[in-house]
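Reader: I would like to practise reading a model residue by residue. Could you walk me through a few features?

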Amino acid sequence: MTEPTTQTAAANQEPAFIEVGEGDHKRRIAVRARAARGPGSASGAPGSASGAPGLVWLGGFKSDMQGTKALALDAWAAEHGRSSVRFDYSGHGESSGDFADGTIGRWLEESVAVFTQFCRGPQVLIGSSMGGWMALLLAREIARRGEGQASLAGLVLIAPAPDFTEELMWKGFSPEIRAEIETKGLWLRPSDYGDGSPYPITRALIEEGRNHLLLGSKIDVGCPVRILQGAQDPDVPWKHAFALVHRLPAEDVVLTMIQDGDHRLSRPQDIARIIAAVAEIG
């Protein structure tokens with residue numbers, strides 16, 4: 001089956017680059033920003049002619065912006081005249097940097113920089129796995145900063161993994177793995193994704209991640225939240241989604257449990273549910 005023209009165009013779009021950080025910590029972040037289009041909209045204008053929110057994609061751990069869900073959402077945004085922003089964290093995809101240097105705080109700094117520079121008007125943050133944690137942290141940072149050129153219309157979280165470095169990694173590691181991380185500074189974790197190569201879990205990732213834990217207290221994002229979770233997810237258990245919901249305000253938070261869904265949630269029916277959640281927000 002051939003890809004829709006818009007999705008092929010999304011895959012072929014050349015990235016822009018911004019620099020984040022100072023001195024030795026400077027890195028080059030690849031961004032693909034699609035301006036809104038529609039009757040009455042100026043070329044390159046932010047937002048959309050209809051006033052519908054733009055889309056911001058926040059990818060997962062070791063994922064990039066050329067994945068199935070990111071491309072499908074970008075194509076949907078293009079078809080509906082909405083703006084769309086997606087990017088690669090440092091050490092991921094087309095951005096510079098070494099993955100082993102990455103931390104939650106480092107990737108959050110990049111997320112804030114991209115949002116500030118490329119987003120105008122109301123936005124829906126769409127976060128997958130680690131991107132769900134990043135979306136919650138970004139929402140908190142936007143609230144802290146107050147009025148800006150962009151605002152939050154809502155969050156769509158796909159198998160969200162807030163606090164995963166602590167709750168889903170460190171607490172589940174054997175004493176031997178913990179000792180290896182503490183003494184060597186990293187452990188190479190086997191992977192079932194990508195090309196199957198193991199990837200480093202560093203002491204810095206674990207320790208710095210503790211500065212950004214959310215599940216110990218109330219999380220007030222100030223906007224509607226839609227969560228999609230696969231019941232067969234081996235990486236982010238469905239109970240983790242329930243723990244998150246428990247910390248969110250009761251109003252306008254909807255959790256959809258997909259009984260036969262895995263962690264990727266990249267099947268056509270899963271993507272249709274994700275798009276429906278985005279459309280429901282506005």
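Reader: Against which elements do the buried residues of helix 8 pack?

Author: Happy to help, and please keep in mind that this is a predicted model. A good start is to ask which residues of a helix are buried. In helix 8, residues 238-247, these are His240, Ala241 and Leu244. They share one side of helix 8, because they cover an arc of only 100 degrees around its axis. The buried residues of helix 8 pack against helix 4, strand 6 (150-158), helix 5, strand 9 (225-230) and strand 10 (253-258).

Reader: Which residues are exposed on the other side of helix 8?

Author: Lys239 and His246 are exposed there.

Reader: Let us turn to a strand. Is Leu125 buried or exposed?

Author: For a single residue, look at its accessibility and then at its contacts. Leu125 sits in strand 5, and Leu125 counts as buried because its relative accessibility is 0%, where the cut-off is under 20%. Setting aside neighbours within four places in sequence, Leu125 is in contact with residues including Val56, Leu58, Phe115, Leu138 and Leu152. Sequence separation is worth checking too: Leu125 and Val225 are 100 residues apart along the chain, and 9.6 Å separates their C-alpha atoms.

Reader: How should I read backbone angles, and what is phi of Ser129?

Author: The general idea is that most residues other than glycine have a negative phi. Ser129 is not a glycine, yet its phi is positive, about 55 degrees. Lys62 also has a positive phi, near 70 degrees, and is likewise a residue other than glycine.

Reader: Where does Ser129 lie, and which side chain does the side chain of Ser129 make a polar contact with?

Author: Ser129 is found in the loop between strand 5 (121-128) and helix 4 (130-145). With a relative accessibility of 12%, Ser129 counts as buried. Its side chain makes a polar contact of 3.0 Å with the side chain of His263. Not counting residues up to four places away in sequence, Ser129 touches Gly60, Ile158, Ala159, Pro160, Ala161, Val236 and His263.

Reader: Now for pockets. How much space lies in the largest pocket, and which residues are closest to its centre?

Author: With a pocket, take the volume, then the lining, then the chemistry of that lining. The largest pocket holds about 1,000 Å³ of space. It is lined by 36 residues, and the closest to its centre are Phe61, Lys62, Ser63, Tyr193 and His263. Helix 2 (68-79) and helix 5 (164-169) are the elements that give two or more residues to this lining. By type, the lining divides into 13 nonpolar, 15 polar and 8 charged residues. You have met His263 already, as the polar partner of Ser129.

Reader: Where do Lys62 and Ser63 lie, and how exposed are Lys62 and Ser63?

Author: Lys62 lies in the loop between strand 3 (54-58) and helix 2, and Ser63 is in the loop between strand 3 and helix 2. Lys62 is partly exposed, with a relative accessible area of 44%. Ser63 counts as partly exposed at 34% relative accessibility.

Reader: What separates the C-alpha atoms of Ser63 and Ala250?

Author: Ser63 and Ala250 are 187 residues apart along the chain, and their C-alpha atoms are separated by 31 Å.

Note on methods: Residues are numbered from 1 along each chain as its sequence is written. This is a predicted model: local features need pLDDT of at least 70, side-chain atom pairs count only at pLDDT 80 or more; totals for chains, interfaces and linings use all residues. Side-chain values use heavy atoms; hydrogens and water are left out. Helices (H or I, at least four residues) and strands (E, at least two) are DSSP runs, numbered from the N terminus. Buried means under 20% relative accessible area, exposed over 50%, partly exposed in between (1.4 Å probe, protein chains only). A polar contact is a pair of N or O atoms within 3.5 Å; within protein, one must be able to donate a hydrogen and the other to accept it, and residues adjacent in sequence count only if both atoms are side-chain atoms. Contact means heavy atoms within 4.5 Å. On a 1 Å grid over the protein atoms alone, a cavity is a set of points where a 1.4 Å probe fits but cannot get out, and a pocket is an open set with protein on both sides within 12 Å along at least five of seven lines; lining residues have an atom within 4 Å of a point. Grid points are joined across faces, edges and corners, and a volume is the space filled by probe spheres set on the points. Ala, Val, Leu, Ile, Met, Phe, Trp, Tyr, Cys and Pro count as nonpolar, Asp, Glu, Lys and Arg as charged, and the others, Gly among them, as polar. The arc is that of the directions from the helix axis to the C-beta atoms.
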